[in-house]
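Let's take a walk through a protein chain together, from its overall build down to a few single residues. Have the sequence and the 3D view ready.

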Amino acid sequence: MRSSERACVSKTNSKSDRALAALRVVDLGRRPAAARAAQLLAELGADVVRLERGAEPDDAQYRALNRRKRSVRTTADPCDRAALEAWLRDADVVVDDGDLEAGGLDPTRPLACNRDLIVCSVTPYGLSGPRRGEDADEAVLQAQAGLMAITGHDDDAPGGGPMQIGVPLITGLSAVNAATGVIALLIGRLRAFATPTFVDVAMFDVAVTMQSHVVQNYLISGRQPQRRGNAGNGGHPAQTFDCADGVIYISAGTDQHYAKLCEALGHADIVGDPRFADVLARDRNRAEIDAVLGPIIKTRSRQALMDLLVKAGVPCSTVNTYADLAADPHVQARGLIVRDEDGLPGVASPLRLPRSPTVRSAAPPPGERFKGWLAPRRPRPLHGDGAVSAAPLDGVRVLDLGRVLAAPWAAQVLGDFGANVLKVERPGRGDDARLYGPDALTDATGVRTLESAFHLCANRNKRSILVDLASAEGQARVRSLAADADVLIENFIAGNLARFGLDASTLRTINPRLIYVSLTGYGQSGPYADRPGYDAVFQAQGGLMAMTGLPDGEPGGGPLKTGPSLMDVSTGQFAALAAITALHQRHADAAPGQHVDVALLDVAVAMQAGGIQSFVETGRQPPRRGNRVGPSPTGLYICQDGPIFLSVSSPDHLHALATLASTVIPSTSPSDSGKANVAGLEERLRDAFRQTTRDRALERLASLCVPCAAVNRYDEVFADAQLRARALVQDIAHPASGTNTVRILSSPIFLGSRRSPSERPPMLGEHEPLAVF
């Protein structure tokens, strides 16, 4: 038995030690998203066996995706139904991205070989709609879902145009959604609810919903958002600034942080300037602020600025490479890069559940011999034909103290699964997100309401109450509600709620069953734990910004943030996964409550596990390659009526593209013997595509089975037949809207054949007076 198996055995002997102990998972994933979903279940204690149909490369990517699993080489053909069923007969969950259908099995129906089996399907387009079964990779989905069109510099700026994000965030977030859905179904079964037998996650759906706060502005206004380069999404000044020896990211969009920044830089005089009076005014007058503060910042070194601004309480970070990241004292203190029992370094799990410690086992050597499941099945039945028809979290009470995006997002996910979520807001102005721009619902007279796009995107399926946390009365009310809650979610800086007697240790003395989930920038421990931070700060500090954008030296070259606030959304989704895992542990093992620690920096690192794994093994920083993240001639091409993106991942793709280019512009290469002359192929393709329309180019590429997509604007995204067929957008009545309706996005997770129904986000204090859940 290998050491990785020994580690798993030691951790699964105690039923209460690991959240998913004794859960048997078969991993059929061929694409990274499905493989990562199975790995997340393994990190939480499941016994995951990966079935390999052929030789897999024992490289950094394999090791990043398969730690904590066991691997079995099987010679069975994917179409051999009997061999496949033999593996599935004793499993509880199968993670799949196409092998079941290849073997003649319908993932949307209970399988005859094991009617209790939960199928977790993670595919590019899902198990329904006209694109079902089509292939697409990360870059193609970024283009198709509108993400590429809102990342990058404006068209008129140097190096302007749509930009691919240099890290596979759609892949990672699809995996987290899938694992969350699986555990939700497991909870439903433990509660004897009638539950579906499959989870359906489409990466295209995830790619759209992960942009929710930007998409929601479009759904309100109908305007395509402008690419803003490194400008933040929540106010100004929030962007990269050149300093004397490099680049720093400063996020001072709130009134409080703007005032602190101005005072620290010796310009307290502009704090009260009417041009910069609030978030919306500062966003309109960005150039004027930069003209005052930019020259001062440019004269200081990065370290001098960091020392000054951290002391002043201004969120900021240097733009780190992976080497900077690995040397960071906070990263080291949090153990974000660890060594497994074989001594190989790798990225740690961002899931920190005290009652489910993560096993740091190595990736298995490809093709181990299967020695049987590590633990017997739990004695309780897992079948989903209970007498009660209800959502998995029906009746679970969640107290949402979150503000802005990450924590409200986590609570929203629990609400999507049926939880009873109470959103606590301060009297008068409510959650800060209600004031964020640019768009909000307007009433019948055209006046802007507090129902901003930022609020609408993260608060469906909740009720709103008003509480002043600074008052004794408000604190007593929260303690009373916490006494009856199952989950509390908050995103105050570590230690801040202790001032009000609302910290985890205090509330868990009142309610020992309480699952207290803290989302912070840096976590509950480490030297930076008391620092503030926002999404783009963690993109800079976590190494993500250094991986996106054009290479240095090219026009517009340099580190680049993503268009939407993707670290907030990713952290919110990880927090929901952690909360739902703790709930499963409580239902399965009568476990008491626990304090769950989720940090944006931890998540930023985890979402780049493949790239960081390569760095820690080789010591080489992966290059920033703009839209060339993949083998040549992968990239963005301009047609007569707009850009397309194509992706090359096999010799067949290369040969097909060479054939396509030659039909328009004959090759002058003397080596045309059916093999592509890669060096000249890209330019020939550029010439070929300039002579045709996007539709014609995409039709021809599809006929050649080359993954491709138009670089879509949002109007094109929401006209897509696949998105419409899967009903990702809902029209809901809303009394604050002058049109009496609002369009909002739904959850990207299908439990069974439908999405969870959505209730509109609440108006401020709409559910007062309310004394109990």
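## Ground rules

Two residues are in contact when they have heavy atoms within 4.5 Å of each other. Helices (H or I, at least four residues) and strands (E, at least two) are DSSP runs, numbered from the N terminus.

The model is predicted, so local features need pLDDT of at least 70 and side-chain atom pairs count only at pLDDT 80 or more, while totals for chains, interfaces and linings use all residues. Residues are numbered from 1 along each chain as its sequence is written, and side-chain values use heavy atoms, leaving out hydrogens and water.

## The whole chain

The protein chain has 28 helices and 28 strands. Its C-alpha atoms fit in a box of roughly 70 × 70 × 55 Å along the principal axes. A compact globule of 773 residues would have a radius of gyration near 28 Å, and the chain's 25 Å agrees with that. (That radius is taken over C-alpha atoms, and the globule rule is 2.2 Å times the number of residues to the power 0.38.)

Of the 773 residues, 61% count as buried. Buried means under 20% relative accessible area, exposed means over 50%, and partly exposed is in between (1.4 Å probe, protein chains only). Now look at contacts with a separation of 6 or more: 74% of them are between residues 24 or more positions apart.

## A helix on the inside

Is helix α9 (residues 212-221) largely enclosed or largely open? Eight of its 10 residues are buried, so the rest of the structure largely encloses α9. Those buried residues are S212, H213, V214, V215, Q216, N217, Y218 and L219. They pack against α8 (203-209), α16 (406-416), α17 (453-456), α27 (714-717) and β26 (741-745). Just after α9 comes G222, with a positive phi of about 80 degrees.

I183 is another residue to find, this time in helix α7 (residues 169-190). I183 is buried, with a relative accessible area of 0%. Leaving out residues up to four places away in sequence, I183 touches L20, L41, L44, L577, I580, T581 and H584. Take L41: I183 and L41 are 142 residues apart along the chain, yet their C-alpha atoms are separated by 8.8 Å.

## Rings that meet

The structure holds 10 aromatic pairs. One of them is Y522 with Y528, an edge-to-face pair at 5.6 Å centre to centre and 85 degrees between the planes. Rings of Phe, Tyr and Trp (its six-membered ring) pair if their centres lie within 6.5 Å; planes under 30 degrees apart count as stacked, over 60 as edge-to-face and the rest as tilted. Y522 is buried at 0% relative accessible area, and Y528 is buried at 12%.

Ring pairs also link Y218, Y714 and F718 into a cluster.

## Backbone oddities

Where are the cis peptide bonds to look for? One joins S632 and P633, with omega about 10 degrees, and P633 lies in the loop between α23 (609-618) and β22 (635-639). Another joins E768 and P769, with omega about -10 degrees; P769 is in the segment after β28 (754-755).

V404 and C705 are non-glycine residues with positive phi: near 70 degrees for V404 and near 60 degrees for C705. V404 sits in the loop between β14 (397-400) and α16 and is buried, at 15% relative accessible area. C705 sits in the loop between α26 (694-703) and β24 (708-710) and counts as exposed, at 59%.
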